[in-house]
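Student: I am new to this structure and would like a close look at a single part of the fold, namely how two helices pack together. Could you then set that part beside some other contacts along the chain?

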Amino acid sequence: MEVYANLRKGEKGAWLSIGAYIFLSAIKLSFGFTGSSEALIADGLNNLSDIIASVAVLVGLRISQKPPDENHHYGHLRAETIASLLASFIMAVIGIQVLINAIRSFFGPAEASPSPFTAGVAFFSALVMYGVYRFNMNLSKKIKSSSVKAAAYDNRSDALVSIGAGIGIIGAILGAPIIDVLTAFIVGLIIIKTAWDIFKESVLTLTDAFNEEEVETMSVIVRKVPGVQALSDFKGRNHGNVMFVDLTISVDPYLNVMESHWITEEIERKIHKVKPNCVILIHIEPGFSVSFDGEEENLL
């Protein structure tokens with residue numbers, strides 16, 4: 001299936017993110033400690049949490065590629081969502097630790113001003129992460145992967161965090177050390193905010209929440225298909241990058257099987273134009289027919 005091929009392609013983005021985060025967290029933490037920069041240390045810890053999140057995405061992509069079996073009739077596509085949920089908890093713990101360290105530094109004895117080279121490390125990291133963001137964003141559009149797209153947005157936020165860290169370091173060098181500590185505090189808040197966003201999206205997916213805009217868009221498509229008299233029920237849920245949709249439509253009760261089947265195929269064809277990774281199950285019910293005196297008879 002195309003969806004499994006796309007999942008394999010998505011691994012490239014996960015591996016790139018993991019490699020970039022390992023490299024950047026190593027140099028940020030080493031230069032942050034030697035250069036006395038709380039902001040750079042916090043940014044490095046942020047990248048450590050990103051490594052865990054990227055590994056979770058990679059593991060989820062791998063498990064999601066397993067075909068359906070006797071215990072998983074819909075496949076293992078939700079493994080990616082479960083991995084993201086676990087990663088959000090890990091990110092939240094790291095974010096809280098960054099906040100605690102920043103608060104301790106704020107009320108503790110004054111630290112030495114950070115070294116100028118730490119600002120250069122921060123801005124260099126921002127450039128690297130922006131490049132990773134562009135790669136993953138282009139990949140997500142190509143393979144239509146929501147997880148890779150989410151990873152790309154995380155890459156972009158990391159680039160912004162590094163820019164903020166660099167600005168905080170420059171402010172501390174210019175005579176306001178408190179700016180470095182405040183920047184570390186803000187980085188901690190950003191980590192927690194990112195963890196919350198991932199947690200919320202994962203929970204919505206696992207509890208079968210479905211976007212109302214998607215419902216409206218596909219409902220309009222279904223109602224415009226020739227032969228559909230009414231759309232009486234619409235249910236949708238997401239399994240990883242695959243969307244499962246259950247429809248109940250009413251058609252002329254005197255259509256034969258082939259004519260009714262053509263209507264369902266036309267519905268699938270039109271929905272697949274806008275939602276390629278969509279599995280559609282359609283239930284047909286008898287609607288109304290025209291009687292001999294020209295009046296409609298409701299057979300529901």
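Tutor: What follows begins with one pair of helices and then turns to a pair of strands and to a salt bridge. Please keep in mind throughout that this is a predicted model. The pair to look at is helix α3, residues 79-107, and helix α6, residues 178-206, whose axes lie 8 Å apart and meet at an angle of about 160°. Because angles over 145 degrees count as roughly antiparallel, that angle makes α3 roughly antiparallel to α6. The crossing of these two helices is left-handed, and the contact of α3 with α6, sorted by class, has 23 nonpolar residues and nine polar ones, with no charged residues.

Strands give another kind of contact, for strand β2 (residues 242-251) pairs with strand β3 (residues 278-286) in the parallel sense, over nine bridges. One place to find this pairing is T248, whose bridge partner in β3 is H283. Between β2 and β3 the chain passes through helix α8, residues 257-274, and the β-α-β crossover formed in this way is right-handed.

Charged side chains come in elsewhere, with a count of eight salt bridges. Among them is the one in which the side chains of E11 and R62 meet, at 2.9 Å from N to O. E11 belongs to helix α1 (residues 2-34) and R62 to helix α2 (residues 38-64), so this pair ties together parts that are 51 residues apart in sequence.

How values were computed
Residues numbered from 1 in each chain as written. Predicted model: local features only at pLDDT ≥ 70, side-chain atom pairs only at ≥ 80, totals over all residues. Heavy atoms only, no water. Axes fitted to C-alpha atoms, helices over the stretch in contact; angles between N-to-C directions. Helix = DSSP H or I, 4+ residues; strand = E, 2+ residues; numbered from the N terminus. Parallel < 35°, antiparallel > 145°, perpendicular 65-115°, else oblique. Left-handed = near helix turned anticlockwise from the far one by under 90°. Nonpolar A, V, L, I, M, F, W, Y, C, P; charged D, E, K, R; others polar. Pairing = 2+ DSSP bridges. Right-handed = clockwise from strand over helix to strand, strands pointing away. Salt bridge = Lys/Arg side-chain N within 4 Å of Asp/Glu carboxyl O.
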